[in-house]
Amino acid sequence: MTFFQLTRFKSRGLEPIDLTIDAGECITLGGPSGCGKSLLLRAIADLDPHEGEARIDESCQSQTAPPVWRRQAGLLSAESHWWADRVGDHLPRSDPDLLAALGFSEATTQWEVSRLSSGERQRLALVRLLLGNPKLLLLDEPTANLDQTSIDRVEHLIKEYLQDSCSAALWVSHDPQQRRRIGDRGFQIESGRLVAEKWS
Amino acid sequence: MELISLTPLDLSVAALLVLGLAVISWRMRLGVERRLLVAASRSVIQLTLLGLVLKTLFEQTSFLLIGGLALFMLGMAGYEVMARQERKFAGFWGMGIGTLSMFISSFSITLLALHLVVKVEPWYTPQYLIPLLGMLLGNTMSGMAIALDNLTQSAWQQRGSIEARLMLGHTWDQAIGDLRRRALRSGLIPIINAMAAAGVVSLPGMMTGQILGGSPPLEAAKYQIMILLLIAVGTGLGAIAAVSLGAFRLFDHRQRLRLDRLK
């Protein structure tokens, strides 16, 4: 069953894309730096002007109010940004299980953002995103600053989330082994076009 | 009390003093004597011209002429607000935001003051309209320019956190809310400080002028109070209008942050 669909979707620097993703699927996206992967994710989250249509479940991007759409198409950018002093100020609620799954505790919500390490920021940004229950995860190198233990935790957590909530993910990763490990299907961007990645 | 008219001789005494200062600057090799003399000559010429223009204007009550001058002053003020921005809005909005906000605040406050407070007939009597409008435009301008500059600068610097909030499904209004509040505060602080210091630390220029011109000090104080309060309201309303328009313009119909609209 098609869960997420792009129709003649034209993001900056790329040819128009037609793509369908089923519920529960994790699609990986690779390609050299600056080839337009992040811009594609931003366009799907409707943060940059673009052409074409995107659809999640029953709702079309152009027919959905932007805040509602962005809650469904949750983007985790490569670098996380924070606007308040404490971690807890950024979270809609506290979820001890989710925090524990990434190696944090409830006390973490009292931490000051300015004292977080880059790895902690990255994992907490994922917590912040998942608490909004997005239907589609747009992940831009979510494990770039993490050690192996944390990478395993993040991969496991996202896989579990996709199964439990019947959502889908578009996962940008520079690591070919990671792409093979987590992806149900994979794409590469080559000279502006989306081509299937061979994993033989 | 009679107005003591200044003769050209009186003015030349002041001018001679400036000339003396220039000589001292030359002897002490400060290197500013040239600039000092040029600036002094400019102020003499510009103010004399203004006096002549106002003299002609005051002798008649042509609505079109007075309205034209008022619009010219408004346009200049709008341009000044734009010129003080480090990151201006591109195109029409660059001048549009400042001019429109100034029109909403300074113009309406001046009209209100003329109708309700001073009660002159007709309301566009130039002796009242032009100086009042000038005081309001000149003083609200800087507060608005500071507030707008603060908004665009911080939006530019904090692009990441604004977009982080958009990504989480916050509306554009929530995403820029903190920045908008901070920008407004920065624009209002100078006038708040000016009101607090008025009469204790500083003797405002208008009151000084009236007293020197022969008005009883209490009358001069009353006018000064009115002007100061109106400036505060004008600055507040103008800054709110400018910052709201600016914040609105920073997002498009799909609530995307559009910093490409700044240049």
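This report covers the chain contact, a sheet in chain A and the domains of chain B. The model is predicted.

**Contact between the chains**

Chain A brings 18 residues to the contact, and chain B brings 15 residues. On the side of chain A that touches chain B, helix H2 (residues 66–72) of chain A gives the most, with four residues. That side of chain A holds eight nonpolar residues, six charged residues and four polar residues.

**The sheet in chain A**

Chain A has an open sheet of six strands. Their order is S6-S7-S8-S3-S9-S10, with mixed pairing. Strand S6 (73–76) and strand S10 (193–196) of chain A form the edges, and each pairs on one side only. Direction ignored, neighbouring strands of this sheet are turned by 20 degrees against each other on average.

Strands S7 (residues 136–140) and S8 (residues 168–172) of chain A run parallel, joined by five bridges. A:Asp140 has A:Val172 in S8(A) as its bridge partner.

**The domains of chain B**

The domain assignment splits chain B as follows.

| Domain of chain B | Residues |
|---|---|
| Domain 1 | 1–59 |
| Domain 2 | 62–261 |

The C-alpha centres of domain 1 and domain 2 of chain B are 30 Å apart. Where do the two domains of chain B stand in contact, and with how many residues? Domain 1 of chain B has seven residues in contact with eight residues of domain 2 of chain B. On the side of domain 1 of chain B that touches domain 2 of chain B, six residues are nonpolar, one is charged and none is polar.

Methods
Residues numbered from 1 in each chain as written. Chains lettered and ligands numbered in written order. Predicted model: local features only at pLDDT ≥ 70, side-chain atom pairs only at ≥ 80, totals over all residues. Helix = DSSP H or I, 4+ residues; strand = E, 2+ residues; numbered from the N terminus. Nonpolar A, V, L, I, M, F, W, Y, C, P; charged D, E, K, R; others polar. Pairing = 2+ DSSP bridges. Axes fitted to C-alpha atoms, helices over the stretch in contact; angles between N-to-C directions. Domains from an automatic or database assignment.
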